[in-house]
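Trainee: Could we walk through this model together? I would like to practise reading helix packing and salt bridges.

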Amino acid sequence: MHIVDRRLNPGGKSLPNRQRFLRRVKDVAQRAVRESAREKDIKDLGKDGRITVPGDGVREPRFSRQPGTGHQDYILPGNKTYVEGDRIERPPSGGGGGGGAGEGGDGSENSEDAFHFVLTREEFLDLFLEDLELPDLAKRRLAIVETEGLRRAGYTVSGSPANLALSRTLRNSMSRRIALKRPKLEEMTALEAEVAEAREADDPRLPDLLLKLEALRERSKRIPYVDPIDLRFRRFEPYPKPIAQAVMFCLMDVSGSMTEHMKDLAKRFYILLHIFLTRRYKHVEIVFIRHTDKATEVDEETFFGSRETGGTLVSSALVEMKRIVAERYSPDDWNIYAAQASDGDNVSSDGPTSTELLRAHILPACQHFAYLEVGDENGPRAGFVEHRTTLWRTYEALAKAGEPLAMRKVNHRRDIYPVFRELFGRKDAKAEA
């Protein structure tokens with residue numbers, strides 16, 4: 001018998017079955033999620049996603065007979081070649097009527113349709129970001145208290161029926177009944193049996209037994225099994241609940257040398273980083289700083305849309321970031337992450353100034369600083385730096401000196417996600433790779 005569950009899954013229906021299925025096909029689903037991430041737009045990563053799992057990836061293991069071995073009985077239709085009692089030779093190894101690798105018998109991989117499965121937003125992002133981590137995730141101090149939680153605070157004599165503490169109520173009831181010597185049910189049952197025997201035997205003690213039984217019944221009514229004074233309810237009280245918070249600084253060169261393609265690559269990287277941070281922190285703020293030879297803090301629309309011309313001075317953006325951190329984001333209370341995107345152009349005389357700002361002010365305050373150098377679409381694949389630009393050489397010297405700075409080069413949008421995984425992949429996963 002085959003049962004097909006076609007029920008929808010709103011409100012958590014069939015949730016245990018869904019979770020068991022995802023655990024069973026976790027590796028296959030994770031590969032499918034990564035494949036789908038290459039095709040869909042970055043802005044759609046946070047939405048529900050449909051993934052395609054191969055048919056053989058959802059099969060459960062099962063036992064079956066091997067047709068070429070063992071003793072088997074067959075019922076064959078009538079024929080002119082064999083009669084009852086004839087012995088049929090076993091077919092050679094690998095021959096006979098096996099089904100092959102697939103259910104269709106042809107052994108092809110396409111003998112069975114693929115299995116489509118719709119993941120919720122939480123399930124998709126869990127699989128998408130599972131093997132990534134943030135360096136120094138926990139800050140020395142938690143954030144300023146912004147929310148309140150509830151915690152147990154003993155018991156109270158009044159409250160909602162849903163918060164009734166049954167065990168504590170029954171314990172109070174038992175203590176009261178023992179202290180007031182409420183008649184036990186066994187005692188009354190035994191006395192009733194004794195009264196019945198006295199009536200049958202016409203015992204002269206019958207009036208006294210009836211008076212005693214009536215007194216027990218009256219006492220039992222006056223001392224109820226559960227009294228309102230026995231009721232106890234679980235009490236909850238609000239308490240300040242600190243939450244982790246982070247700030248994400250997006251620095252981008254918008255000089256005339258930055259093309260729309262380069263800005264699009266930077267935007268995709270920033271979106272990926274923001275999705276990742278919101279999965280790890282309760283509260284994430286974003287600061288956009290764009291610069292030519294001057295740097296300004298702008299909103300998101302201006303950051304990605306407004307066009308400017310002029311030269312390039314990277315230190316101006318670092319000075320602006322230093323100012324904002326000093327005014328609004330204390331490193332003791334905030335987890336600071338910075339991502340800088342540029343085509344690598346910078347005034348050669350600005351290198352020492354940028355190096356000093358990074359080493360003395362920016363990098364000590366940051367949890368992580370990532371530099372993404374964007375290039376033309378027809379350039380080489382990610383990870384290959386054919387020409388070391390002025391800014392690349394400046395940051396490379398800092399990285400070789402042991403400063404916490406990660407840097408990669410990207411030319412095509414298909415390389416954004418692989419580079420992101422290189423920057424934030426777990427150390428153990430990198431070691432195994």
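Trainee: Which residue meets the side chain of Glu-237 in a salt bridge?

Mentor: Happy to start there, with a word on the ground rules: this is a predicted model, local features need pLDDT of at least 70, side-chain atom pairs count only at pLDDT 80 or more, and totals for chains, interfaces and linings use all residues. Residues are numbered from 1 along each chain as its sequence is written, and side-chain values use heavy atoms, with hydrogens and water left out. A salt bridge here is a side-chain nitrogen of Lys or Arg within 4 Å of a carboxyl oxygen of Asp or Glu. At 3.9 Å, N to O, the pair satisfies that rule, and the partner of Glu-237 is Arg-235.

Trainee: Is Glu-237 buried, partly exposed or exposed?

Mentor: Buried means under 20% relative accessible area, exposed means over 50%, and partly exposed is in between (1.4 Å probe, protein chains only). Its partner Arg-235 has 38% and so falls in the middle class. Glu-237 has 26% relative accessibility, so the residue is partly exposed.

Trainee: How many salt bridges does the rule give?

Mentor: The Glu-237 and Arg-235 pair is one that meets the rule. The count comes to twelve.

Trainee: Which residue forms a salt bridge with Arg-217?

Mentor: Arg-217 sits in helix α6 (residues 206–222) and its partner in helix α5 (residues 185–201), so the pair ties together parts that are 25 residues apart in sequence. Helices here are DSSP runs (H or I, at least four residues), and strands are E runs of at least two, numbered from the N terminus. Arg-217, at 34% relative accessibility, is partly exposed, and the partner, at 34%, is partly exposed too. The closest N and O atoms are 3.1 Å apart, and the partner is Glu-192.

Trainee: Are α5 and α6 roughly parallel or roughly antiparallel?

Mentor: Two packed helices are described by the angle between their axes and the distance between the axes. Axes are lines fitted to C-alpha atoms, for helices over the stretch in contact, and angles run from 0 to 180 degrees between N-to-C directions. The axes of α5 and α6 come within 10 Å and cross at roughly 155 degrees. Angles under 35 degrees count as roughly parallel, over 145 as roughly antiparallel, 65 to 115 as roughly perpendicular and the rest as oblique, so α5 and α6 are roughly antiparallel.

Trainee: How many charged residues are in the contact of α5 with α6?

Mentor: Contact means heavy atoms within 4.5 Å, and the residues that meet include Glu-187, Glu-192 and Arg-199 in α5 and Lys-212 and Arg-217 in α6. Asp, Glu, Lys and Arg count as charged; Ala, Val, Leu, Ile, Met, Phe, Trp, Tyr, Cys and Pro as nonpolar; and the others, Gly among them, as polar. Beside nine nonpolar residues and one polar residue, the number of charged residues is six.

Trainee: Which residue in the loop between α5 and α6 has a positive phi although it is not a glycine?

Mentor: The phi is about 55 degrees. At 67% relative accessibility, this loop residue counts as exposed. The residue is Asp-202.

Trainee: What is the angle at which α9 and α10 pack?

Mentor: Helix α9 covers residues 314–328 and helix α10 residues 351–365, with their axes 9 Å apart. The angle makes α9 roughly parallel to α10. Among the residues in contact are Val-314 and Leu-318 of α9, with Leu-357 and Ile-362 of α10. The angle is about 20 degrees.

Trainee: Which residue forms a salt bridge with Glu-327?

Mentor: Both partners lie in helix α9, four residues apart, about one turn of the helix. Glu-327 is exposed, with a relative accessible area of 55%. The closest N and O atoms are 2.9 Å apart, and the partner is Arg-323.

Trainee: Is Thr-355 buried or exposed?

Mentor: Thr-355 is found in helix α10. Not counting residues up to four places away in sequence, Thr-355 touches Thr-394 and Leu-398. Its relative accessibility is 16%, so Thr-355 counts as buried.
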